[in-house]
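Here is a short report on one helix pair and two single residues. The model comes first, then the text.

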Amino acid sequence: MRTTHGRSFTHDIVQRLGQEIVCGVYGVQNPFPIEAELCKRLGVSRSVLREAVKMLTTKGLLNARPRQGTWVEPETNWNLLDPDVLRWFLQRKFSPTLLLEFTQVRLAIEPLAASMAARLATDEAKAAIIAGLDRMKAAERGEDDPLESDIAFHVAILRASGNRFLTQMRDLIDVALRTSIRLTNRRKGVRLASIADHQKVSDAILAGDAEGASRAMRELMLEALVLIEQEAAAGKAAGV
(Lines give C-alpha, C1' and ligand atoms only; values in the text may rest on other atoms or scores of the structure.)
Protein backbone atom coordinates (compact mmCIF):
# COMPACT_ATOMS: atom_id res chain seq x y z
CA MET A 1 0.00 0.00 0.00
CA ARG A 2 2.98 2.32 0.43
CA THR A 3 3.63 4.76 -2.38
CA THR A 4 6.51 7.05 -3.21
CA HIS A 5 4.90 10.37 -2.33
CA GLY A 6 3.33 11.27 1.00
CA ARG A 7 0.29 12.74 -0.68
CA SER A 8 -0.37 9.50 -2.60
CA PHE A 9 0.11 7.54 0.61
CA THR A 10 -2.43 9.73 2.38
CA HIS A 11 -4.81 9.27 -0.55
CA ASP A 12 -4.50 5.48 -0.18
CA ILE A 13 -5.37 5.75 3.52
CA VAL A 14 -8.37 7.98 2.72
CA GLN A 15 -9.62 5.46 0.16
CA ARG A 16 -9.22 2.53 2.55
CA LEU A 17 -10.83 4.20 5.57
CA GLY A 18 -13.54 5.83 3.45
CA GLN A 19 -14.59 2.50 1.98
CA GLU A 20 -14.58 0.90 5.43
CA ILE A 21 -16.76 3.67 6.87
CA VAL A 22 -19.28 3.59 4.01
CA CYS A 23 -19.39 -0.22 4.12
CA GLY A 24 -20.25 -0.09 7.82
CA VAL A 25 -16.99 -1.43 9.27
CA TYR A 26 -17.14 1.56 11.63
CA GLY A 27 -20.26 3.17 13.00
CA VAL A 28 -22.43 3.38 16.09
CA GLN A 29 -21.99 -0.30 16.95
CA ASN A 30 -18.27 -0.30 16.15
CA PRO A 31 -16.70 3.09 16.98
CA PHE A 32 -13.88 4.54 14.92
CA PRO A 33 -10.54 3.32 16.39
CA ILE A 34 -8.26 5.57 18.38
CA GLU A 35 -5.31 7.16 16.61
CA ALA A 36 -2.63 4.88 18.06
CA GLU A 37 -4.53 1.74 17.07
CA LEU A 38 -5.06 2.92 13.49
CA CYS A 39 -1.44 4.02 13.08
CA LYS A 40 -0.29 0.57 14.14
CA ARG A 41 -2.78 -1.31 11.95
CA LEU A 42 -2.15 0.81 8.85
CA GLY A 43 1.55 1.27 9.42
CA VAL A 44 1.39 5.06 9.11
CA SER A 45 2.63 8.05 11.06
CA ARG A 46 0.31 10.21 13.12
CA SER A 47 0.74 13.09 10.67
CA VAL A 48 -0.40 10.96 7.70
CA LEU A 49 -3.36 9.58 9.64
CA ARG A 50 -4.41 13.03 10.87
CA GLU A 51 -4.32 14.37 7.31
CA ALA A 52 -6.46 11.44 6.14
CA VAL A 53 -8.95 12.00 8.97
CA LYS A 54 -9.08 15.70 8.08
CA MET A 55 -9.91 14.81 4.45
CA LEU A 56 -12.62 12.35 5.52
CA THR A 57 -14.03 15.03 7.80
CA THR A 58 -14.39 17.44 4.87
CA LYS A 59 -16.31 14.69 3.06
CA GLY A 60 -18.73 14.57 5.99
CA LEU A 61 -17.85 10.99 6.99
CA LEU A 62 -16.02 11.79 10.22
CA ASN A 63 -16.05 14.35 12.98
CA ALA A 64 -13.15 14.95 15.32
CA ARG A 65 -12.77 17.17 18.36
CA PRO A 66 -9.98 17.60 20.92
CA ARG A 67 -10.43 15.36 23.97
CA GLN A 68 -13.58 13.85 22.45
CA GLY A 69 -11.98 11.66 19.81
CA THR A 70 -13.12 10.86 16.28
CA TRP A 71 -16.46 9.35 15.32
CA VAL A 72 -18.43 8.40 12.22
CA GLU A 73 -21.10 10.88 11.22
CA PRO A 74 -24.65 9.71 10.29
CA GLU A 75 -25.16 8.95 6.59
CA THR A 76 -27.40 12.01 6.32
CA ASN A 77 -24.31 14.19 6.87
CA TRP A 78 -22.14 12.49 4.22
CA ASN A 79 -21.35 14.60 1.18
CA LEU A 80 -22.88 12.67 -1.72
CA LEU A 81 -21.65 15.37 -4.11
CA ASP A 82 -18.11 14.25 -3.37
CA PRO A 83 -17.04 11.81 -6.14
CA ASP A 84 -15.23 9.55 -3.66
CA VAL A 85 -18.25 9.25 -1.37
CA LEU A 86 -20.60 8.59 -4.29
CA ARG A 87 -18.26 5.91 -5.66
CA TRP A 88 -17.94 4.24 -2.25
CA PHE A 89 -21.72 4.25 -1.93
CA LEU A 90 -22.18 2.61 -5.32
CA GLN A 91 -19.43 0.09 -4.59
CA ARG A 92 -20.89 -0.80 -1.19
CA LYS A 93 -24.07 -2.20 -2.63
CA PHE A 94 -25.63 -1.32 -5.93
CA SER A 95 -28.46 1.11 -5.18
CA PRO A 96 -30.79 1.93 -8.08
CA THR A 97 -32.54 4.44 -5.81
CA LEU A 98 -29.31 6.38 -5.23
CA LEU A 99 -28.51 6.20 -8.94
CA LEU A 100 -32.02 7.41 -9.74
CA GLU A 101 -31.60 10.42 -7.47
CA PHE A 102 -28.30 11.33 -9.05
CA THR A 103 -29.70 10.89 -12.57
CA GLN A 104 -32.42 13.37 -11.61
CA VAL A 105 -29.63 15.79 -10.72
CA ARG A 106 -27.98 15.11 -14.08
CA LEU A 107 -31.29 15.84 -15.79
CA ALA A 108 -31.21 19.30 -14.24
CA ILE A 109 -27.57 19.90 -15.19
CA GLU A 110 -26.70 18.35 -18.53
CA PRO A 111 -29.45 19.84 -20.74
CA LEU A 112 -28.41 23.26 -19.40
CA ALA A 113 -24.76 22.49 -20.14
CA ALA A 114 -25.66 21.43 -23.69
CA SER A 115 -27.63 24.64 -24.21
CA MET A 116 -24.76 26.78 -22.95
CA ALA A 117 -22.30 24.81 -25.08
CA ALA A 118 -24.35 25.58 -28.17
CA ARG A 119 -24.07 29.29 -27.40
CA LEU A 120 -20.61 29.55 -25.89
CA ALA A 121 -18.40 26.65 -26.97
CA THR A 122 -15.01 27.59 -28.39
CA ASP A 123 -13.60 25.85 -31.44
CA GLU A 124 -11.40 23.80 -29.12
CA ALA A 125 -14.39 22.77 -26.99
CA LYS A 126 -16.38 21.80 -30.09
CA ALA A 127 -13.44 19.72 -31.28
CA ALA A 128 -13.48 17.85 -27.96
CA ILE A 129 -17.19 17.08 -28.36
CA ILE A 130 -16.58 15.80 -31.89
CA ALA A 131 -13.67 13.73 -30.61
CA GLY A 132 -15.88 12.21 -27.91
CA LEU A 133 -18.51 11.25 -30.47
CA ASP A 134 -15.83 9.86 -32.80
CA ARG A 135 -14.58 7.72 -29.94
CA MET A 136 -18.11 6.38 -29.41
CA LYS A 137 -18.27 5.49 -33.10
CA ALA A 138 -14.88 3.81 -32.81
CA ALA A 139 -16.18 1.85 -29.81
CA GLU A 140 -19.05 0.64 -31.96
CA ARG A 141 -16.43 -0.80 -34.31
CA GLY A 142 -14.58 -2.36 -31.38
CA GLU A 143 -11.73 0.15 -31.59
CA ASP A 144 -12.30 2.06 -28.34
CA ASP A 145 -13.79 1.52 -24.91
CA PRO A 146 -17.60 2.03 -24.91
CA LEU A 147 -17.73 3.36 -21.36
CA GLU A 148 -14.72 5.68 -21.54
CA SER A 149 -15.84 7.15 -24.87
CA ASP A 150 -19.36 7.84 -23.59
CA ILE A 151 -17.96 9.56 -20.50
CA ALA A 152 -15.58 11.62 -22.66
CA PHE A 153 -18.53 12.89 -24.70
CA HIS A 154 -20.56 14.01 -21.68
CA VAL A 155 -17.57 15.56 -19.92
CA ALA A 156 -16.65 17.48 -23.11
CA ILE A 157 -20.10 19.08 -23.10
CA LEU A 158 -19.79 20.11 -19.45
CA ARG A 159 -16.47 21.77 -20.24
CA ALA A 160 -17.86 23.37 -23.40
CA SER A 161 -20.50 25.17 -21.31
CA GLY A 162 -17.78 27.54 -20.13
CA ASN A 163 -19.26 27.44 -16.63
CA ARG A 164 -16.71 26.52 -13.96
CA PHE A 165 -19.34 25.09 -11.61
CA LEU A 166 -20.75 22.82 -14.31
CA THR A 167 -17.24 21.81 -15.36
CA GLN A 168 -16.47 20.72 -11.81
CA MET A 169 -19.37 18.27 -12.00
CA ARG A 170 -17.27 16.17 -14.40
CA ASP A 171 -15.92 13.83 -11.72
CA LEU A 172 -19.41 13.18 -10.35
CA ILE A 173 -20.77 12.54 -13.84
CA ASP A 174 -17.85 10.19 -14.47
CA VAL A 175 -18.56 8.16 -11.32
CA ALA A 176 -22.31 7.94 -11.94
CA LEU A 177 -21.96 7.07 -15.62
CA ARG A 178 -19.70 4.12 -14.81
CA THR A 179 -22.67 2.53 -13.07
CA SER A 180 -25.64 3.92 -14.97
CA ILE A 181 -24.39 3.16 -18.50
CA ARG A 182 -23.99 -0.52 -17.70
CA LEU A 183 -27.43 -0.62 -16.12
CA THR A 184 -29.30 1.24 -18.86
CA ASN A 185 -27.62 -0.68 -21.67
CA ARG A 186 -28.48 -3.95 -19.94
CA ARG A 187 -32.12 -2.94 -19.53
CA LYS A 188 -32.26 -1.91 -23.21
CA GLY A 189 -30.65 -5.21 -24.14
CA VAL A 190 -27.75 -3.52 -25.91
CA ARG A 191 -24.00 -3.33 -25.29
CA LEU A 192 -23.43 0.22 -26.54
CA ALA A 193 -25.09 3.61 -26.11
CA SER A 194 -27.09 4.99 -29.02
CA ILE A 195 -24.77 6.88 -31.36
CA ALA A 196 -27.76 8.48 -33.09
CA ASP A 197 -29.08 10.01 -29.85
CA HIS A 198 -25.68 11.42 -28.96
CA GLN A 199 -25.23 12.65 -32.53
CA LYS A 200 -28.40 14.76 -32.16
CA VAL A 201 -26.90 16.50 -29.16
CA SER A 202 -23.60 17.08 -30.92
CA ASP A 203 -25.22 18.35 -34.13
CA ALA A 204 -27.36 20.87 -32.23
CA ILE A 205 -24.37 22.18 -30.28
CA LEU A 206 -22.23 22.54 -33.39
CA ALA A 207 -25.11 24.31 -35.17
CA GLY A 208 -25.44 26.79 -32.30
CA ASP A 209 -28.99 25.58 -31.61
CA ALA A 210 -29.25 26.06 -27.84
CA GLU A 211 -32.88 24.97 -27.58
CA GLY A 212 -32.30 21.94 -29.78
CA ALA A 213 -29.20 20.93 -27.82
CA SER A 214 -31.06 21.17 -24.53
CA ARG A 215 -33.99 19.19 -25.91
CA ALA A 216 -31.79 16.45 -27.39
CA MET A 217 -29.82 16.06 -24.17
CA ARG A 218 -33.02 16.04 -22.11
CA GLU A 219 -34.46 13.27 -24.29
CA LEU A 220 -31.23 11.30 -23.88
CA MET A 221 -31.34 11.75 -20.11
CA LEU A 222 -35.06 10.96 -19.83
CA GLU A 223 -34.55 7.60 -21.51
CA ALA A 224 -31.86 6.75 -18.96
CA LEU A 225 -34.07 8.02 -16.13
CA VAL A 226 -36.97 5.78 -17.16
CA LEU A 227 -34.72 2.72 -17.34
CA ILE A 228 -33.24 3.44 -13.90
CA GLU A 229 -36.74 4.02 -12.50
CA GLN A 230 -37.70 0.56 -13.79
CA GLU A 231 -34.63 -0.93 -12.09
CA ALA A 232 -35.45 0.86 -8.82
CA ALA A 233 -39.07 -0.34 -8.97
CA ALA A 234 -37.94 -3.90 -9.66
CA GLY A 235 -35.58 -3.71 -6.69
CA LYS A 236 -38.34 -2.51 -4.37
CA ALA A 237 -40.67 -5.25 -5.62
CA ALA A 238 -37.98 -7.82 -4.87
CA GLY A 239 -37.42 -6.30 -1.46
CA VAL A 240 -33.86 -5.20 -2.27
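Contact here means heavy atoms within 4.5 Å. This is a predicted model, in which local features need pLDDT of at least 70, side-chain atom pairs count only at pLDDT 80 or more, and totals for chains, interfaces and linings use all residues. Residues are numbered from 1 along each chain as its sequence is written, and side-chain values use heavy atoms, with hydrogens and water left out.

**Two residues**

Helices are DSSP runs (H or I, at least four residues), numbered from the N terminus. Buried means under 20% relative accessible area, exposed over 50%, and partly exposed in between (1.4 Å probe, protein chains only).

| Residue | Helix | Relative accessible area |
|---|---|---|
| E20 | helix 1 (residues 6-22) | 16%, buried |
| R92 | helix 4 (residues 83-92) | 32%, partly exposed |

Leaving aside neighbours within four places in sequence, R92 is in contact with V22, C23, E75 and W78. R92 and C23 lie 69 residues apart in sequence, yet 5.5 Å apart in space, C-alpha to C-alpha.

With the same neighbours set aside, E20 is in contact with V25, Y26 and R41. The side chains of E20 and R41 make a polar contact at 3.3 Å. Such a contact is a pair of N or O atoms within 3.5 Å; within protein, one must be able to donate a hydrogen and the other to accept it, and residues adjacent in sequence count only if both atoms are side-chain atoms.

**Helix pair**

Helix 6 (residues 123-140) and helix 7 (residues 146-160) pack at about 165 degrees, with axes 8 Å apart. Axes are lines fitted to C-alpha atoms, for helices over the stretch in contact, and angles run from 0 to 180 degrees between N-to-C directions. Helix 6 and helix 7 are therefore roughly antiparallel (over 145 degrees).

Technical notes
Helix = DSSP H or I, 4+ residues; strand = E, 2+ residues; numbered from the N terminus. Parallel < 35°, antiparallel > 145°, perpendicular 65-115°, else oblique.
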